Amino acid sequence: MAQSNESKLWNRIKKLGDKSHFTHFTRIESNTVNGIPDVHCLVNKQLFWLELKANDLKNRGLSKWQINWHIKYQTAGGKVFILNSPLKERALEILAVSRDSRSTRLVYKTDDTSNTGLWSCILQAASAEA
């Protein structure tokens, strides 16, 4: 069975984490909590969550449960982002859900889809404000 683009993105993240002593990534598969993001991250002592997407859809295809989870987590002071690999362009982007509009806003984008570009996206998420 072929891997989804999101699974491929996870495998790339996992390999990055294996090479660094300053990271810890945990993939979460939950059937009990609607909307919980895919990956819990600890990078350079910064905690945050990543929802993995690989699409060009409006709001990157987030469900209403995912949007609600993001907003509640942000409101409590936590950091949560979407790591998207758009299908129509060679790029990686970090997005966040806007609490006011409930839509996604761009936080960071790179045309470098190599591991260097992926690492820069993760570092941007780690250093971004909650």
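This tour moves through the structure one selection at a time and states what is found at each stop.

**Before starting**

The model is predicted; local features need pLDDT of at least 70, side-chain atom pairs count only at pLDDT 80 or more, and totals for chains, interfaces and linings use all residues. Residues are numbered from 1 along each chain as its sequence is written, and side-chain values use heavy atoms, with hydrogens and water left out.

**Stop 1: strand S5**

Select residues 92–97, which form strand S5. Helices (H or I, at least four residues) and strands (E, at least two) are DSSP runs, numbered from the N terminus. Is S5 enclosed or open, and why? Six of its six residues are buried, so S5 is largely enclosed by the rest of the structure. Here buried means under 20% relative accessible area, exposed means over 50%, and partly exposed lies in between (1.4 Å probe, protein chains only).

In a regular strand the side chains alternate between the two faces of the sheet. Colour Leu92, Ile94 and Ala96 for one side of S5, and Glu93, Leu95 and Val97 for the other; all of these are buried, and both faces are covered.

**Stop 2: the partners of S5**

Add residues 80–84, strand S4, which pairs with S5 in the antiparallel sense over three bridges. Two strands pair if DSSP finds at least two bridges between them. Within this pairing, look for Ile82, which stands opposite Leu95 of S5.

Next add residues 104–110, strand S6, whose antiparallel pairing with S5 has six bridges. Ala96 stands opposite Arg105 in S6. The hairpin of S5 and S6 has six residues between the strands, and there Arg102 takes a positive phi near 60 degrees.

**Stop 3: the largest pocket**

Turn now to the largest pocket, with a volume of about 190 Å³. On a 1 Å grid over the protein atoms alone, a pocket is an open set of points with protein on both sides within 12 Å along at least five of seven lines, where a cavity is a set of points where a 1.4 Å probe fits but cannot get out; lining residues have an atom within 4 Å of a point. Grid points are joined across faces, edges and corners, and a volume is the space filled by probe spheres set on the points.

Select Leu9, Arg12, Ser85, Ala91 and Leu92: of the 13 lining residues, these are the closest to the pocket centre. Helix H1 (residues 5–18) gives the largest share of the lining, four residues. By type, the lining has six nonpolar, three polar and four charged residues. Ala, Val, Leu, Ile, Met, Phe, Trp, Tyr, Cys and Pro count as nonpolar, Asp, Glu, Lys and Arg as charged, and the others, Gly among them, as polar.

**Stop 4: aromatic pairs**

How many aromatic pairs are there? The count comes to three. Rings of Phe, Tyr and Trp (its six-membered ring) pair if their centres lie within 6.5 Å; planes under 30 degrees apart count as stacked, over 60 as edge-to-face and the rest as tilted.

Show Phe48 and Phe81, an edge-to-face pair at 6.5 Å centre to centre with 70 degrees between the planes. Phe48 lies in strand S3 (residues 46–53) and Phe81 in strand S4, 33 residues apart, and the pair thus links distant parts of the chain. Both residues, Phe48 and Phe81, are buried.

Then show Trp49 and Trp69, also edge-to-face, at 5.5 Å centre to centre and 75 degrees between the planes. This pair joins strand S3 to helix H2 (residues 64–75) across 20 residues of the chain. Trp49 and Trp69 are buried. Add Tyr73 to the selection, and a cluster of Trp49, Trp69 and Tyr73 linked by ring pairs is in view.

**Stop 5: two cysteines**

Select Cys41 and Cys121. The structure holds zero disulfides (pairs of cysteine sulfur atoms within 2.5 Å). Why is Cys41 not bonded to Cys121? The closest cysteine sulfur to that of Cys41 is in Cys121, 12 Å away, which is too far for a bond. Cys41 is buried at 0% relative accessibility, and Cys121 is likewise buried at 0%.

**Stop 6: residues in loops**

Finally, select Asn44, in the loop between S2 and S3. Asn44 is not a glycine, although its phi is positive, about 50 degrees. Its relative accessible area is 43%, so Asn44 is partly exposed.

Arg60, in the loop between S3 and H2, also has a positive phi, near 55 degrees. Arg60 counts as buried, at 18% relative accessibility.
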